[in-house]
Structures are given as C-alpha cells and as structure tokens.
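Trainee: I'm new to this structure and would like a close look at a single part of it. Could you start with the overall layout and then walk me through one helix in detail?

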Amino acid sequence: MTAATPLSRRDCLLRLGAMPWLAGLGTGLVGCEKSGISDMPENLGGGWVGARHDAAHAWRDGKLPEHATGVARSTHTLVIGAGVAGLSAARHLIDAGLDDVIVLDLEAQPGGNARGHDIGGMPCPLGAHYLPLPGPEASEVARWLEAIGLIRHEHGRWVGDERYLCHSAQERLFVPDGGLSALAPRGFWASGQWQDGVVPQVGLQASDEAEYRRFSERITRMQVDLGFAMPTWRRAWSAGLEALDRISFAQWLNQEGFSSAPLLWLLDYACRDDFGAGLARVSAWAGIHYFASRHGFEWPAQAESHDPVLTWPQGNGWLTQKLAQGLGDRWQPEQLAVSVEEGRHAVTVRVWDGRLRQMRQWSAKQVVLAVPLFVARRLLRLGHAALDALVPHMQYAPWLVSNVLLKEGLRDRSGVARAWDNVAFTHAGSEPVSVPSLGYVDARHQSLSQVSGPMLWTHYWALGGHSAKQGQALRELLLRRPWADWARWVLMDLARVHPDLPGLVERVDLMRYGHAMSIPVPGVRSHPGLAALQSHQGRLLFAHADLSGYSVFEEAFTHGARAAAQVLASAGIRRSIN
C-alpha cells in the first residue's frame with residue numbers, strides 16, 4: 001500500500017477539537033528571548049561534541065573526490081555503520097567464527113545514537129540512556145545480556161544485576177502550580193512540587209482518573225486482541241494493526257474520546273521520548289505499541305513500583321562499548337562510505353578516508369548496510385526498488401543532547417527527592433524552541449559511592465515537533481544557531497525548575513543529531529518496503545532500526561543479529577536466530 005500522507009498541523013488541529021490544549025504546541029520558533037537567563041554565565045566552558053555532519057554534508061553536496069586512490073582493500077564482510085545494529089552484526093559474526101569482518105563508520109567513536117561522553121573524568125551519555133529488561137520476544141538481546149552478566153533467568157523471568165538497575169528514586173515529575181496552564185516560557189515557575197513518577201497525579205479530577213483507567217483497560221484489550229511485540233517483526237502484521245498505522249495517534253485518541261489534559265500530556269511525552277515527535281505526528285500503531293509491547297499502562301492508583309531498567313552513568317554507551325570490545329583493527333573510524341555497488345561476485349564500496357583525506361575502495365563478498373534507510377538509498381548507485389518506494393515516506397527527528405556540569409548540588413523544590421530522570425509537566429518550550437524538552441537525567445545517579453561535589457546532568461530535547469514543517473524548522477535552527485545560543489536555551493529550560501542553577505554552571509557540552517531517529521509517521525510501519533528489505537537476499541543486506549519504523553535498542557540489535565545470520569548462512573556457517 002502507499003503510505004498515508006501525514007496531516008498538516010492545521011488539519012490535525014481542526015480534527016482535535018476535543019483537545020484544545022494542543023493548539024499551543026506549534027507556536028513560533030524564533031522570537032525575542034526574555035527569561036531568567038539573559039546572558040551566559042561568566043567563563044562558561046563547552047562546545048559542540050560528537051557528530052561530524054560536515055563530512056556527511058560534503059558528500060551530500062558532491063564536494064568529495066570521485067575517484068579512489070591507492071590499492072583496493074578486500075574483506076569477507078564489510079559492515080557499514082557502527083551503531084547498535086552494525087555492532088550487533090559484527091559481534092554475532094565474530095562470535096560465530098567469521099573473523100574476516102571490517103566495520104566502517106563516519107564517526108571517531110562507535111555507538112551511533114548510543115555513544116558515551118566524559119566531562120572532568122565523569123562519564124555521561126550522548127544519546128540513549130537506558131534499556132528495559134528484555135521481554136519474551138527479544139531473545140537475542142536477552143541472550144547477549146545474560147552472556148555479559150547483566151541479567152539472569154529466575155523463576156521464569158529475567159532479573160537484572162542490582163549494580164546496573166536504576167537506583168531509587170527512578171523518576172519524578174515537576175508540576176507547577178496551575179498545571180498545564182503554567183507555561184512560564186519567559187521566566188521561572190514561582191511555585192510547584194515534585195511528585196513520584198512521570199504519570200501526572202497532582203491535582204487530578206475524577207474525570208482524569210476515569211480516563212487513565214479507561215486507557216489502561218483499552219491497552220490491555222488491544223494487547224490480547226491485536227498482539228504487540230518488541231522487536232515488532234516477531235508478531236505477524238495484521239489488518240487491525242495496519243488500520244492503526246493509517247492514522248495518527250492524536251486522531252485515534254480523539255476518535256476514542258480521550259480528552260483529559262494530564263493523560264494527553266503523558267501520551268505526547270511518551271511519543272516524544274521514544275519517537276522524537278509528538279502524538280500528532282506518530283501513527284496510532286506507534287503510540288499504542290509504546291505501551292502494549294512492554295508492560296501496558298498503569299494509572300496512578302495501580303502503580304506500586306517502576307518498571308526495572310538498566311542504566312549506566314554513560315547511558316547505553318556502556319552497552320555499545322561492550323559490543324565494540326575486541327574488534328581491534330576490524331573497527332575503522334572516520335570512514336565515510338559514499339557509494340555501494342552490488343556485483344555478481346562482490347560488492348564494491350567507495351569510502352572517503354577522513355584521516356588520510358583521500359577516496360579509497362573496498363571489495364567484499366557481503367556488505368551489511370547498518371545505516372539509516374535514507375542514507376542507504378543515497379549509497380546505492382544502481383538504485384533499489386524497495387528503498388525508492390519507501391524512503392520518500394520516511395521522516396526523521398532531530399535531537400539535542402546536552403551535558404551540563406554544575407559546581408555543586410543546588411536547592412530543590414518541594415516534594416519527592418531528586419531522581420535519576422527529572423521531567424517538567426508543561427507543553428511549552430523555552431523560546432525560541434517551541435517544543436518542550438524531555439527534562440534531564442542525573443548522570444551521577446548510578447554512582448556506587450556517595451555523591452558529593454560537582455553534579456552532571458544530561459538534558460534531552462526531542463525536536464521532531466508536532467508537524468513536519470515544525471520539525472524541519474527546528475532542524476535548521478539546530479544546525480545554524482551557534483553553541484552559545486543553544487547552551488543558553490538549555491539553561492533557560494532547566495532554570496524554570498531550578499532558579500538558582502545559572503550561577504552554578506561550569507560547562508555545557510552539546511551533541512546535535514540532525515536525523516537522530518525515524519519517526520513512525522502513519523503508513524511507514526505497514527509499508528511493504530520494510531518487509532522487502534528485511535528479507536532481501538544477496539550480497540547486500542540491510543540492518544538498522546529503521547527497518548522497524550522507529551528506533552530503540554531492541555529493534556536495532558535484533559536486525560543486526562538477523563543480518564549476521566544471513567551472512568553466516570551464505571558462508572555455510574550454521575547459526576540460528578530464533
């Protein structure tokens with residue numbers, strides 16, 4: 001089928017008459033900043049870190065040399081991309097005895113969207129920061145986590161190593177006096193309180209609790225009636241799931257009569273957290289999948305404890321470091337693949353060597369393309385029918401990940417004590433960034449010793465927005481505005497909850513992703529191109545979370561394992577992927 005055209009912001013808002021609070025989500029992007037932080041703190045250190053978009057854009061714009069120089073190199077399997085999927089593919093191949101493997105990546109550090117960072121000897125994440133304990137369908141992930149000693153199977157369920165499970169308190173929500181009406185885009189919230197968990201509980205009306213209960217019951221029924229799994233391809237795709245994929249989550253909620261502002265805020269937050277964009281952009285399948293593929297939806301009266309998650313000071317960078325261990329010279333950084341051509345006997349790959357500043361050529365019996373699908377399409381010089389049909393329907397969310405170093409701890413508002421994950425209950429961003437942030441994670445929360453002295457917070461801003469136009473404007477803002485502007489906007493956002501923060505900030509390191517993750521917009525998950533790329537046979541194989549229509553560790557890891565199994569089968573090495 002042809003992917004559904006995403007609704008414009010105007011069309012979406014016209015259809016969401018029962019959700020008037022959404023009308024303020026798409027306000028102007030650029031304006032006069034008036035806030036509690038008019039100037040940067042003195043002697044503030046920091047800058048842009050991580051991504052090398054300059055080389056990728058030079059390739060996109062045709063500014064790299066055409067012809068390769070030097071002697072062509074060869075290998076059995078060339079893995080292009082060192083994110084979770086590429087590292088998983090390489091790890092499975094090597095563990096199965098296929099050693100002739102090379103992993104290439106544009107960046108100087110492996111890990112993709114799950115890299116780690118370090119400030120003053122303190123580790124912190126540059127991307128994804130946790131992993132839930134695996135569900136029954138994520139068998140490849142579970143086996144690997146068990147092999148490296150992170151989980152064990154007890155009494156029919158997976159149990160995590162206490163050292164790596166998120167310490168208490170796990171998460172909290174700041175609710176300003178006035179709730180969603182307390183936007184405070186240009187200043188501090190005068191008062192409010194922290195509550196345990198991110199499900200809004202303070203100031204609920206009876207009607208809000210009734211909708212929480214009804215949404216929970218609806219999710220439970222859909223888990224049984226339709227079947228959801230992670231990784232998603234472990235369950236057969238059905239007409240019922242396809243119907244959900246044709247419309248936005250916002251449309252479905254409106255059709256079902258959900259209008260509680262706290263519930264809608266929570267669902268929008270969940271979409272921004274997992275998919276990088278709000279509930280008006282993602283499909284109803286994706287929004288429901290967020291809850292139905294894991295542990296359902298628990299409304300406050302039900303919730304007794306938080307779902308266990310694994311996390312580390314450097315976030316999922318800890319996991320990608322483990323995946324990359326032992327690669328040695330097989331891992332080759334600063335290598336930008338610019339073309340891939342599948343031949344009868346080999347695959348030819350041209351690569352820009354960023355260290356030597358020259359174009360080189362590789363020949364491989366098998367190539368695993370572990371890159372976003374829009375990049376894969378550009379790489380294939382001869383075209384690919386499934387990619388050509390699918391990619392025009394895909395949309396990607398930009399992200400900003402900021403690590404903020406504080407001289408010391410700071411005063412806190414009333415309510416529960418500081419937690420690992422700290423979120424503010426708002427639907428307004430800090431001007432000129434019109435979308436709300438996801439809050440911040442305490443990078444030192446997992447320390448096994450008593451924490452004192454400097455604090456390190458990781459602030460997350462998903463910038464996919466609530467329309468494609470808004471997301472593109474935010475991407476351009478992310479690329480064009482300097483580090484100092486973005487650092488100020490991040491501090492403005494944090495200062496709404498922590499008014500004494502500005503005088504304590506020493507450094508802000510910013511990581512920007514222009515195309516961080518595929519947004520599961522209506523029509524993408526049900527597009528036949530996804531299934532075609534997963535089952536593609538030949539010397540060229542595909543492995544990336546994009547093949548599931550959205551980006552999480554479990555999907556990427558399993559696609560890497562699947563591609564490795566295909567390579568091993570071609571090489572006559574038996575290794576099953578269950």
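Trainee: How many helices and strands does the protein chain have? And once that's clear, which residues of helix α13 are buried?

Mentor: Keep in mind that this is a predicted model. The protein chain has 16 helices and 22 strands. Of its 578 residues, 60% are buried. If you take the contacts between residues at least 6 apart in sequence, 77% of them join residues at least 24 apart.

Now for your helix. Helix α13 covers residues 468–480, which is 13 residues, and at 1.5 Å a residue these should span 18 Å; the end C-alpha atoms of α13 are indeed 18 Å apart, so the two values agree. As for what is tucked away, the buried residues of α13 are Q470, G471, L474, R475, L477 and L478. Those buried residues sit on the same side of α13, because they cover an arc of only 160° around its axis. There's a handy rule behind that kind of pattern: an α-helix has 3.6 residues a turn, so residues three or four places apart point the same way. Flip to the face of α13 turned away from its buried side and you'll find the exposed residues K469 and R480. And what lies over the buried residues? The cover includes the strands β1 (45–48), β16 (395–406) and β21 (505–519), along with helix α14 (483–495).

For a helix-to-helix view, try another pair. Helix α8 (residues 261–275) packs against helix α9 (residues 284–292) at an angle of about 90°, and their axes are 10 Å apart. With that angle, α8 is roughly perpendicular to α9. On the α8 side, the contact is made by L267, A270, C271, D273, D274 and F275, while α9 brings A286, G287, Y290 and F291. Sorted by class, this contact of α8 with α9 has seven nonpolar, one polar and two charged residues.

Strands have buried spots too. Look at F174, which belongs to strand β9 (residues 171–176). F174 counts as buried because its relative accessibility is 0%. Beyond its neighbours within four places in sequence, F174 is in contact with W189, S191, G192, Q193, W194, R413, V423, A424, F425 and V497. Here's a nice one to find on screen: F174 and T426 are 252 residues apart in sequence, yet 9.0 Å apart in space, C-alpha to C-alpha.

While you're around β9, check the loop between β8 (157–160) and β9, where A169 has its place. The peptide bond from S168 to A169 is cis, with omega near -5°. Another cis peptide bond joins M230 and P231, and there omega is about 10°. P231 lies in the loop between α5 (206–225) and α6 (239–245).

Finally, two backbone angles to look up. H155, in the loop between β7 (151–154) and β8, has a positive phi of about 55° although it is not a glycine. H155 is exposed, with a relative accessible area of 82%. E334, found in the loop between β12 (331–332) and β13 (335–342), also has a positive phi of about 55° without being a glycine. E334 counts as partly exposed, at 22% relative accessibility.

Technical notes:
Residues are numbered from 1 along each chain as its sequence is written. This is a predicted model: local features need pLDDT of at least 70, side-chain atom pairs count only at pLDDT 80 or more; totals for chains, interfaces and linings use all residues. Side-chain values use heavy atoms; hydrogens and water are left out. Helices (H or I, at least four residues) and strands (E, at least two) are DSSP runs, numbered from the N terminus. The expected span of a helix is 1.5 Å times one less than its number of residues. Buried means under 20% relative accessible area, exposed over 50%, partly exposed in between (1.4 Å probe, protein chains only). The arc is that of the directions from the helix axis to the C-beta atoms. Contact means heavy atoms within 4.5 Å. Axes are lines fitted to C-alpha atoms, for helices over the stretch in contact, and angles run from 0 to 180 degrees between N-to-C directions. Angles under 35 degrees count as roughly parallel, over 145 as roughly antiparallel, 65 to 115 as roughly perpendicular and the rest as oblique. Ala, Val, Leu, Ile, Met, Phe, Trp, Tyr, Cys and Pro count as nonpolar, Asp, Glu, Lys and Arg as charged, and the others, Gly among them, as polar.
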